[in-house]
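Colleague: Please choose a single part of this model and go through it closely, and then set out what the same kind of reading gives for a handful of individual residues elsewhere in the chain. I would rather have a careful, connected account than a list.

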Amino acid sequence: MEGEHATRLGRAITPTTTEHPGLSGIHTLADSLDAFAARYLLCGMAEKTLDVQYYIWEDDMSGRLLFSALLKAAERGVRVRLLLDDNNTSGLDDTLRLLNSHPHIEVRLFNPFSFRLFRAIGYLTDFARLNRRMHNKTFTVDGETTIVGGRNIGDAYFGAGEQPLFSDLDVLAVGPVVADVCQDFERYWSCQSVSTLDKVLDVDEETLQQRVQLPENWRDDPIARRYLDRLTTSQFATHLVSRTLKMYWAKTRLLSDDPRKGQGRARNHTLLPQRLLKVIGQPQQQIDIISAYFVPTRAGVAQILGLVRKGVKIAILTNSLAANDVAPVHAGYARWRKKLLRHGVQLFELKPQHGGGDIPHDRGLTGNSGSSLHAKTFSVDKQQVFIGSFNFDPRSAMLNTEMGFVIESATLAEDIHERFSQSQRKAAWELRLDRWGRVNWVESNDGKEIVWKKEPHTRFWQRVLVRLVYRLPVEWLL
């Protein structure tokens, strides 16, 4: 095969996309370790380009393994472009500087901090800009395939670390939507909110291999072993090349915020929520929402109740207070629970998945996240599915840049609904109002119902904090 698709991935993918004209192939990556393996193995398959865009890249085992994979690809001559939001790069300056020094790697930062050591000073002096972050997540290889979804890069997101296991969802896509992701990456790569690394950091003498190297005897580390074992057993690359990877073939549309949102200059009609409403149309029967941070706001509640009055069944799965790593955000949801329940909206809150009774660390409004649920997806009328980075909260709607796929697949929508229902039954509390109008949390245990009168597995001070915050006029920040 000559020309545009003359790579190993191109030769593998083009015949299947040709058989499905106008449709994109979607492969779900629900298993956390599979999501890591897919990224790592795709780095090994890359021959021309790797375009990588993330909100968080942790300096842990998975982060270093994937940095090493990017470096190995660059040493084979692959052009690597790494675009990171600067909000979560603390401690990575040396690594990024040295990656950028490689002739085939370029690193850029979205809304970079001027004060590298004491970043809080930046918020004090430049809050309006630094409060806007790039929440997008893409991993695109040779322009042939891309991974889009809710996961950042880090052991917590891939289920191999000591952090709580996230419930998350990515999809790998092939076909026409990949070209749209490539074009969108170019928009962000050259936008005014993005700075080249040499404008942010000084040059350093340390060698790149020293910065991305793993600890001595790293192969004996239990976290590393889980990654290595999955890489050894994964059939992902084999199935992709042999065209036997399970795919949902469907019309797929990329929705992505205008990067000018990072400067507060995007027009309202270009924002992702407005475009989502236009693309999805008017729901008729059912909406299932899975959102780590669900802050509906007064306007959002009015829209939800308007749909309920038209006979649309709405069910929402979000983090419980015990599982949420950002208590103020939980307050923006908790204030609306009773009203939603009174009007027939079903609410489910995921139980904490961590052991030992410890609670996740609250990491502030922008949240590095230690919560149990991190997915951002919803299905409409069991016909369309959205999977991406967008949380149902004001921060996603108005401040952060977001992206995702709208996939027109009844089969995938049914699978998402089943995943949703399984979470309800096994891992979530169902919220109900008792005869006095108070919220109860209900779980089933061996056929018997257990009813909690207060937020389960939380401390008194957490509940007080939530009550205080949802009385403050800070909903737009959440």
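**Helices α14 and α18, then single residues**

Modeller: Among the contacts in the chain that link residues at least 6 apart in sequence, 80% join residues at least 24 apart. The model is a predicted one, and its chain has 478 residues, of which 59% count as buried. Its secondary structure comes to 18 helices and 18 strands, and its accessible surface amounts to about 20700 Å², with 50% of that belonging to carbon and sulfur atoms.

The part I have chosen is the pair formed by helix α14, residues 327-334, and helix α18, residues 460-469, whose axes come within 8 Å and cross at roughly 60°. That choice of quantities follows a convention, since two packed helices are described by the angle between their axes and the distance between the axes. The crossing of α14 and α18 is right-handed. On the α14 side the contact is made by A327, P328, H330, A331 and A334, which meet L465, V466 and V469 of α18. Sorted by class, the residues of this contact are 7 nonpolar and 1 polar, with no charged residue among them.

Seen from α18 itself, the buried residues are Q462, V466 and V469. These residues lie on the same side of α18 because they cover an arc of only 70° around its axis. The buried residues of α18 pack against α14, and two of them, V466 and V469, have already been named in the contact. The face of α18 turned away from this buried side carries F460 and L468, which are exposed. For α18, then, the buried residues share one side, while F460 and L468 sit on the face turned away from that side.

From the helix pair I turn to single residues, beginning with two that have an unusual sign of phi to report. N111 has a positive phi of about 45° although it is not a glycine, and it belongs to the loop that runs between β4 (105-110) and α5 (119-125). Because its relative accessibility is 2%, N111 counts as buried. K382, another residue other than glycine, has a positive phi near 55° and lies in the loop between β13 (376-380) and β14 (384-388). The relative accessibility of K382 is 29%, so K382 counts as partly exposed, given that buried is reserved for values under 20% and exposed for values over 50%.

N111 also turns up among the partners of S193, a residue in the loop between α8 (176-189) and β8 (194-196). Leaving aside residues up to four places away in sequence, S193 touches L109, F110, N111, P112, P259, G262 and Q263. S193 counts as buried, because its relative accessibility is 4%.

F110, P259 and G262 lead on to T401, since T401 touches them as well, along with R133, M134, H135, N136, Y188, D257, D258 and K261, again not counting residues up to four places away in sequence. T401 is placed in the loop between α16 (394-399) and β15 (403-408), and it counts as buried because its relative accessibility is 0%. As for R133, it is 268 residues away from T401 in sequence, yet the two C-alpha atoms are 6.4 Å apart.

A further buried loop residue is Y55, found between β2 (49-54) and α3 (61-75), and it is classed as buried because its relative accessible area is 3%. Y55 and T138 are separated by 83 residues along the sequence, whereas their C-alpha atoms are 9.8 Å apart in space.

The last residue, S24, is in a strand, β1 (residues 24-29). Its relative accessibility of 1% is why S24 counts as buried. Not counting residues up to four places away in sequence, S24 touches V174, G175, P176 and V177, and also Y248, W249, A250 and T252. For Y248 the separation is available too: S24 and Y248 are 224 residues apart along the chain, and their C-alpha atoms are separated by 8.0 Å. The S24 and Y248 pair is thus an individual case to set beside the chain-wide figure, in which 80% of the contacts between residues at least 6 apart in sequence join residues at least 24 apart.

Methods: Residues are numbered from 1 along each chain as its sequence is written. This is a predicted model: local features need pLDDT of at least 70, side-chain atom pairs count only at pLDDT 80 or more; totals for chains, interfaces and linings use all residues. Side-chain values use heavy atoms; hydrogens and water are left out. Axes are lines fitted to C-alpha atoms, for helices over the stretch in contact, and angles run from 0 to 180 degrees between N-to-C directions. Helices (H or I, at least four residues) and strands (E, at least two) are DSSP runs, numbered from the N terminus. A crossing is left-handed if the near helix is turned anticlockwise from the far one by less than a right angle, and right-handed if clockwise. Contact means heavy atoms within 4.5 Å. Ala, Val, Leu, Ile, Met, Phe, Trp, Tyr, Cys and Pro count as nonpolar, Asp, Glu, Lys and Arg as charged, and the others, Gly among them, as polar. Buried means under 20% relative accessible area, exposed over 50%, partly exposed in between (1.4 Å probe, protein chains only). The arc is that of the directions from the helix axis to the C-beta atoms. Accessible areas come from the Shrake-Rupley method with a 1.4 Å probe; for residues, only the protein chains shown count as cover.
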